[in-house]
Amino acid sequence: MKKITVAKGDGIGPEIMDATLQILQAAGAQLDIEEIEIGEKVYLKGNSAGIEPEAWESLRRTKVFLKAPITTPQGGGFKSLNVTTRKVLGLFANVRPCVSYHPFVQTKHPVMDVVIIRENEEDLYAGIEHRQTDEVYQCLKLISRPGTEKIIRYAFEYAKAYRRKKVTCFTKDNIMKMTDGLFHKVFDEVGAEYPEIEQEHWIVDIGAAKLADTPEMFDVIVMPNLYGDILSDVAAQITGSVGLAGSANIGDGFAMFEAIHGSAPRIAGTNKANPSGLLLGAIQMLVHIGQTEVAEKIQNAWLKTLEDGVHTYDIYKEGVSRESRGTKEFAEAVIERLGEKPALLKPVKYASSIANFNIKVTEQKPAKKELKGVDVFLHAANISPNILAGMIQVASMGEELQLLMITNRGTKVWPNGFPETFCTDHWRCRFKKNEGKDTIPYDKVLTLMNKLHEAGHQIIKTENLYYFDGEPGFTAAQGQ
Ligand code: NAD
C-alpha cells in the first residue's frame with residue numbers, strides 16, 4: 001500500500017475525482033488515501049493560501065498528491081495554490097504528455113505524441129515585480145544554473161526511460177542572451193552526456209509555430225517556465241481537447257498529479273465532466289510510485305473505451321462517437337474494459353524501472369568575480385538624454401567611475417543616440433572605470449551614488465557590472 005494525499009477540489013473536482021478513484025480501485029491500485037481540503041472553501045474561510053497547515057502535514061507524510069482542480073475566488077489577495085504548492089514542495093518539473101487519439105477524437109493533427117517538460121519554479125514566475133517610475137514596471141526574469149540543469153537533465157532522463165528519440169529545447173536566446181542563453185548552453189552541455197538521443201534547439205517563436213502546425217516533428221520538448229506554460233496548453237488543445245491531458249509536477253522528494261483543466265464551475269454537479277485529464281494524471285502517479293502494471297491496465301482500458309466510441313459530451317461527435325456518457329457512466333465503461341487493449345490506438349507499456357530518475361546537479365566552482373562598474377537606474381521625467389548626461393557628468397566629476405552610456409528601455413540614447421528614439425522616464429546609466437579593466441572596490445559605487453543623490457537624481461536601483469572568470473556578466477545595450 002502506498003500512502004497518497006487526495007484533494008477533491010471545487011466545481012467538477014469531486015465528480016471527476018470520484019470517477020478516477022473508482023477506476024483506480026477497480027484496477028487494483030494499492031493506495032492508502034488521506035483526504036485533505038483545499039481551494040475555495042479554505043480561501044473563503046480567510047486563508048489566503050487556500051490550504052490549511054494540517055494539509056501540508058499530510059503532504060509531508062505521503063509526498064504524493066493527487067489533486068482535482070480548484071476554484072480561485074475572484075478578487076485580490078488570494079494566492080495561486082498551484083504556484084504555492086509547486087514552489088513550497090520544490091516541484092521543479094512539469095510534465096505534460098499531449099497525444100492525439102485520431103480517428104476517435106477529432107483533431108487537426110492525427111499524428112501527435114509530444115511530451116512538454118516545463119521548468120516550474122523560476123523564470124518570470126519568481127513573481128518579483130516592481131513599479132519603478134510613473135511610467136515603468138518591471139518583472140525580474142531569474143534563471144539559475146542548478147534550476148536549469150535539473151530540468152534539462154530531467155528531460156533527457158525522461159526521454160531515455162520512456163524510449164523517446166529526440167529532445168528539443170525552446171528558448172529566446174537570440175534576444176535574452178544571458179538568461180535564455182544559459183538555458184540553451186546547459187541544454188548543449190547536458191545533452192552531450194546523452195549522445196544516443198537526438199537533440200535540437202529552436203528559437204521559441206518559430207518553434208511554437210512549428211509545434212502548432214507540425215507537431216509530429218517533435219517528441220520531448222523542454223523549456224523555461226513561461227514558454228512552457230503557454231505552449232503546453234496549446235499542445236494539449238490541438239490534440240483535440242484540453243480535457244484529455246494530465247500533468248505531473250515532480251520534485252526531489254515530492255510529486256503532484258492533476259488534470260490540466262480548471263474546475264469548470266458551469267458544468268459542476270451535472271455529471272457531464274470528462275474525468276480523462278485527471279485519470280491520465282493519476283496514471284502518471286501510478287507510474288511514479290512504481291505501480292506500472294496497474295497504470296498500463298487502466299490506460300489501455302481507457303484507450304479501448306475511446307476507441308469503442310464511448311465518449312463524454314466534450315469530445316462526443318456525431319458519426320465518430322457511438323454513445324454519449326456522463327462522468328460516472330464513462331468511468332463504468334473504463335472499468336468494464338479493464339484487462340482489454342485498444343485495437344487501433346497503440347497500447348501502452350511501461351518499463352518497471354521507469355519511475356524515479358536520479359537528478360544530480362553538477363557542482364560548479366565559484367568563479368573569480370570582479371566588479372568593473374555599475375548600472376544606475378534613474379527616474380527622470382521630461383528630460384533629453386543629452387541634458388541628463390550633462391547633469392550626471394557634472395555630479396560625478398572627479399570620480400573614478402565615469403558615465404559610459406545611457407539607455408532608455410535598453411536602447412542607447414547617449415552618446416550619439418537618435419532623436420527619434422522614444423524615451424520614458426526610466427533611464428539606465430552605465431558607469432565604468434575610465435582606464436583599463438581593473439576591479440573597483442564597492443565603496444566607489446557608494447560614493448558615486450551619494451554624489452548622484454546629493455545632486456538631486458532619483459536613484460531607482462543599481463546593478464553591479466561584474467566579470468566572472470574574465471567574462472562580462474552583463475550585456476551590451478541595443479545600438480551600443
Ligand atoms: P476550465 O478549464 O475550468 O474550463 C474551460 C472550459 O473547458 C469550460 O468550457 C469548461 O466547461 C470546459 N472543461 C474543463 N474541464 C472539462 C472537463 N473535464 N470536461 C468537460 N469540459 C471541461 O477553465 P476556466 O473556466 O478558465 O476556470 C474555471 C476555474 O478553474 C477558475 O476558478 C480557475 O481559477 C480554475 N482553474 C484551476 C486550475 C487548477 O486547479 N489546476 C487550472 C485552471 C483553472
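Biologist: Which strands does helix H8 lie across?

Modeller: In this predicted model, helix H8, residues 225-238, lies across strand S4 (93-99), S5, S8 and S10. Helix H8 runs at about 155° to S5. Angles over 145 degrees count as roughly antiparallel, so H8 and S5 are roughly antiparallel in direction.

Biologist: What is the angle between helix H6 and S8?

Modeller: Helix H6 (residues 179-191) runs at about 165° to strand S8 (166-171). That value is also over 145, so the two count as roughly antiparallel. Helix H6 lies across S9 and S10 as well.

Biologist: What is the order of the strands in the open sheet of ten?

Modeller: The order is S2-S1-S3-S12-S11-S4-S5-S10-S8-S9, and the pairing is mixed.

Biologist: Why are S2 and S9 said to stand at the edges?

Modeller: Strand S2 (31-36) and strand S9 (198-203) each have a single partner strand, so one side of each has no neighbour in the sheet. From one strand to the next, the twist averages 20°.

Biologist: How do you know that S5 and S10 pair?

Modeller: Pairing takes at least two bridges. Strand S5 (residues 113-119) and strand S10 (residues 220-223) have four, so they count as paired, in the parallel sense. Arg118 has Met223 in S10 as its bridge partner.

Biologist: Arg118 also belongs to the surroundings of Arg86. What makes Arg86 count as buried?

Modeller: Buried means under 20% relative accessible area. Arg86 has 10%, so it counts as buried. Arg86 sits in helix H4 (residues 81-88). Beyond its neighbours within four places in sequence, Arg86 is in contact with Leu91, Arg118, Asn120, Glu121, Asn249 and Glu258.

Biologist: Why is Pro73 called buried?

Modeller: The relative accessibility of Pro73 is 12%, which is under the 20% cut-off, so Pro73 counts as buried. Pro73 lies in the loop between strand S3 (64-67) and H4. Its contacts, leaving aside neighbours within four places in sequence, are Glu40, Tyr43, Leu44 and Phe78.

Biologist: Why are helices H1 and H9 called oblique to each other?

Modeller: The axes of H1 (residues 13-26) and H9 (residues 276-288) cross at roughly 45° and come within 9 Å. An angle under 35 degrees would be roughly parallel, and 65 to 115 roughly perpendicular. The crossing angle falls in neither range, and H1 and H9 are therefore oblique. Their crossing is right-handed.

Biologist: Which residues make the contact between these helices?

Modeller: H1 contributes Ile16, Met17, Thr20, Ile23 and Leu24, while H9 contributes Leu278, Leu279, Ala282, Met285 and Leu286. These residues divide into nine nonpolar, one polar and no charged.

Biologist: What makes S17 and S20 edge strands in the open sheet of six?

Modeller: Each of them, S17 and strand S20 (471-472), pairs on one side only. The order of this sheet is S17-S16-S18-S15-S19-S20, with antiparallel pairing.

Biologist: How many bridges join S15 to S19?

Modeller: Ten bridges join strand S15 (residues 369-379) to strand S19 (residues 458-468). In S19, Lys461 is the bridge partner of Phe377. Helix H12 (residues 385-395) packs on this sheet, touching S15, S16, S17 and strand S18 (426-433). The direction of H12 makes about 160° with that of S16.

Biologist: What do S16 and S17 form?

Modeller: S16 and S17 form a hairpin with two residues between them. In the turn, Arg409 has a positive phi of about 50°. The two strands pair in the antiparallel sense over three bridges, and Thr411 in S17 is the bridge partner of Asn408.

Methods
Residues numbered from 1 in each chain as written. Predicted model: local features only at pLDDT ≥ 70, side-chain atom pairs only at ≥ 80, totals over all residues. Heavy atoms only, no water. Buried < 20%, exposed > 50% of the residue type's maximum accessible area, 1.4 Å probe, protein only. Contact = heavy atoms within 4.5 Å. Axes fitted to C-alpha atoms, helices over the stretch in contact; angles between N-to-C directions. Left-handed = near helix turned anticlockwise from the far one by under 90°. Nonpolar A, V, L, I, M, F, W, Y, C, P; charged D, E, K, R; others polar.
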